[in-house]
Amino acid sequence: MSDLVHLTIDGKPIEAPAGTLLIDAVRKYGIEIPAFCYYEGLALQAACRMCLVEVEKMPKLQTACTLPVAEGMVVRTETPVVADARKAMLELVLTNHPLDCPVCDKGGECELQDMTFRYGAGEGRFNETKQHIDEKQWSPVVFFDRPRCILCYRCVRICNEGMGVAALGIANRAVTSEIIPNEADHLNCDECGMCIDVCPVGALTSGPYRYKTRPWEMDHIATICAHCADGCKTTLGVRNNSIIRANNRDHSGLNGDFLCVKGRFAFDYGASQERLQTPLARVDGKLEPISWTRALKTIAAKFGEVRQRGGAFGVIGSNHTTNEENYYLQKFARQGLGTNNIDHHRTGDVITLIDALAGKGGQLATVEDIYNAPAVVVLGCDLSHQHPMLAYQLRANVRHHQAQIYPITPGPVREDNQATRSLRVDKGGEVEALGSLAAELKQAGGVVILYGDPVKGDAVRKLVDFGESLGVPVKYVALVDYSNSRGAIEMGLTPELLPGMTPSNTGGMRIGQMLASTDLDVLWVVGANPLKNRAALAGKPFLVVQDLFRTETAEQADIVLPAGSAYEKNGTVTNVCGQVQMLKKGIGAMGTKTDLDIFALLAKEMKLDLGPATPDALLAEIRTTVKGYDVVLAVLATGGAAMTGVNGPVAIDVPVDAIHSANDTMYTSGSISRYSKALTSLMEYPGELYSGKSK
Amino acid sequence: MASKISDFLGSAAAVATGMGVTFKEMMSPTVTEDYPDVPPSFQERYRGTHVLQRDENGLEKCVACFLCAANCPSNCIYIEAAENTDQTRISGGERYASVYNIDYSRCIFCGYCVEACPTDAITHGHEFEQASYDTSTLIYRKERLLTASAAGSAAPAEMKRAS
């Protein structure tokens, strides 16, 4: 970046790149300048006047949020004059602010409360009656309390700039100003809850969290969101073994403070009434509850018997289970059951990309790359719906770095609003259309290409050839659907590949073949719902299903084992970009066991020696044995994301027909989203933006 | 010889002084209370079993702000909050305590909860007989802590003055 300038803050010499705002520059040195309206990454407002500081040779106090640093500047952030000014501002802010902190959801983590405590405007001089306006409900998840609002416009800006939705605006002027939703009395938006998150006071509050508890009463557990593949860090508020809210106020992780509607509200699926709490076995054609001991014994006996007589096994893994579970499952199948019939629902062509990039290295984009790239091309994916966090990073890139965006999709997408140029093509024609952008991309000096499921097989190779021909740095992301879709491929949940994308050279059935086969003796489905759109299995295998709910597949099972959700286990997951992050157990659920525990108990019951089956031990094993997963443990353990280095060549024929995205929208997430009360309440409340046509 | 006489006189004087106190106290009114035959009397600000107060409309004063629980040094207060609706209105504010438990096997009667309460909902009553053979009975639920009558009639005089 540009040159460093030197200045003095509170007697401390500091340096910062020219153009940095004072409020940002001092943060690195442990000095905090308070502000309500300033929000990192959003447009400047300078409305709240809380960040006033004294600058030598300037006659009046200056707002630190709009003042760029300058050489030789001498700034004092905490003088009696500054404190007085802030106190006076607080007094004004508090003229109409109700004194309902005891019932306000924000109490305890309210910026206004903190500032009042710090600068002491506890007693105001305005004795007039406070204006009261009744609280309004704008949607099932957003409540607005006008008297508490301090008009910092953070919500308006995050919705407009950050989300690209612009569902919030301001009506009237001066003392009667009010934040209003786009549909007069309700919101027609993504329901992402970002407005609630950025609100410095309790004006915008969350429906599901409303009046449930207080911030200090919860345990805050940082884990990774269980829904799409973006791998957003989420901090669960847990009390009494139940998750009460999810947010990411500490701005850590790949997503910063961003969470979409699923991440913020759809954590409740695990608490659904329909959650399985005991194993079920088929008795006289009906599924009846049985004990864990009996269920495991029955399965082990059946598995043992089939293995003994050389029968055929089929194993279908999950897009949601952790790397450790996937690794152990393939080990169980290959070593324990002696089968290579192992697969999962493939949602994007990662394998061809890794093969095509063989020997090049460093060409897989990280989330940071999407934020920093001079140009980004999106091929065949409605990014705002399927990858909300990547779309958010893209919008931030446009705002902060004026990136060029090129969506090449069959239909209109939200990225069109930020796009330099949008191309509409028929599905499958994305890569051909890319040719017309060559000159522009070359000029941009660096490109990140994101591609969805229409681009697979040869199209990926063509894409990489095109990238090579540009002569500028090009990085790629193969978009996949779910929280650990990438990990499922890389941990060897395919017949073609062992962990680390090593070709297995042994044939094996793929998912479609397993479902259509009449020869299978056992089909073991872990955390997947392959029978969702299928009447029944072709054959009559002994069907074992591990899931949270009685899905369509579970309904047909011989034995169903209740599994733990992603919020109920430890382990690691790999996101869409190939970045590994650590899950942390937030809660437990009665009667269930994590998939890993189930595997381990089954292995023990069958007297198989598959090595230790704890998340830590398996991670250690993965780090030492799986190619590309020698990630630094300290990065994971401290909540960071470690990039994997899986590298080609991967000399196999990729079954391109097996690759298809589930095309989830912003409000769906495979089978699990059906069980989230919050999410279904939003889907029953559809606005224009929900209906699939993006704005 | 002289020292023996003065020893004797000194001892006699000491006994006389002691007995003087005894006789004086025999004459003065008794301070011993005949508990449990006679109910004990307390100072107004005695910190006994807590009482959850109601307002003049009979609604619960507690709005489940959790400040008592936050302030409690022995961590003996457990609250679950819920929202008042138009159909069921329990407290005067927007929220109320659907569960309010005090664990008297942990409570140290320090009074910090009463201090912290922004709505004067929790006060100390004069009940003190919590002894039990079974510690599981020492967790008092809201139903037991809540005063029956409206307008804080069970509150000590001092609390009435304050409100």
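## Where the chains touch

Two parts of this structure are in contact when heavy atoms come within 4.5 Å of each other. By that rule, chain B puts 16 residues against 16 residues of chain A. Keep in mind as you look around that this is a predicted model.

How much area is buried between chain B and chain A? It comes to about 1,200 Å², and carbon and sulfur atoms give 53% of that. On the chain B side, B:Phe66, B:Glu94 and B:Arg95 supply 46% of the area buried against chain A, more than any other three residues.

## Charged and polar links

One of those residues, B:Arg95, is worth finding in the viewer: its side chain meets the side chain of A:Asp105 in a salt bridge, at 3.4 Å from N to O. Across the interface of chain B and chain A, the rule finds two salt bridges. As for polar contacts, the count between the two chains is six residue pairs, with both residues at pLDDT 80 or more.

Which elements of chain B supply at least two residues each to the side that touches chain A? They are helix H2 (67-71) and strand E2 (77-83). E2(B) gives the most, with six residues. Sort the residues on this side of chain B by type and you get twelve nonpolar, four charged and no polar.

## Chain B as a whole

Stepping back from the interface, chain B has five helices and five strands. Follow the sequence and they come in the pattern α-β-α-β-β-α-β-β-α-α. Is chain B spread out or compact? Its radius of gyration is 25 Å, well over the 15 Å that the globule rule gives for 163 residues, so chain B is more spread out than a compact globule.

The C-alpha trace of chain B spans about 95 × 30 × 30 Å along its principal axes. The domain assignment splits chain B into domain 1 (1-31) and domain 2 (50-150). Taken over C-alpha atoms, the centres of these two domains of chain B are separated by 55 Å.

## The domains of chain A

Chain A has its own set of domains. The assignment gives domain 1 (4-93), domain 2 (106-207), domain 3 (280-342 + 484-654) and domain 4 (350-479). Notice that domain 3 of chain A is written as two stretches, 280-342 and 484-654. Between the centres of domain 1 and domain 3 of chain A, again over C-alpha atoms, there are 54 Å.

Technical notes: Residues are numbered from 1 along each chain as its sequence is written. Chains are lettered from A and ligands numbered from 1 in the order in which they are written. This is a predicted model: local features need pLDDT of at least 70, side-chain atom pairs count only at pLDDT 80 or more; totals for chains, interfaces and linings use all residues. Side-chain values use heavy atoms; hydrogens and water are left out. Buried area is the accessible area (1.4 Å probe) that two parts lose on being put together, summed over both. A salt bridge is a side-chain nitrogen of Lys or Arg within 4 Å of a carboxyl oxygen of Asp or Glu. A polar contact is a pair of N or O atoms within 3.5 Å; within protein, one must be able to donate a hydrogen and the other to accept it, and residues adjacent in sequence count only if both atoms are side-chain atoms. Helices (H or I, at least four residues) and strands (E, at least two) are DSSP runs, numbered from the N terminus. Ala, Val, Leu, Ile, Met, Phe, Trp, Tyr, Cys and Pro count as nonpolar, Asp, Glu, Lys and Arg as charged, and the others, Gly among them, as polar. Domain bounds come from an automatic or database domain assignment. The radius of gyration is taken over C-alpha atoms; the globule rule is 2.2 Å times the number of residues to the power 0.38.
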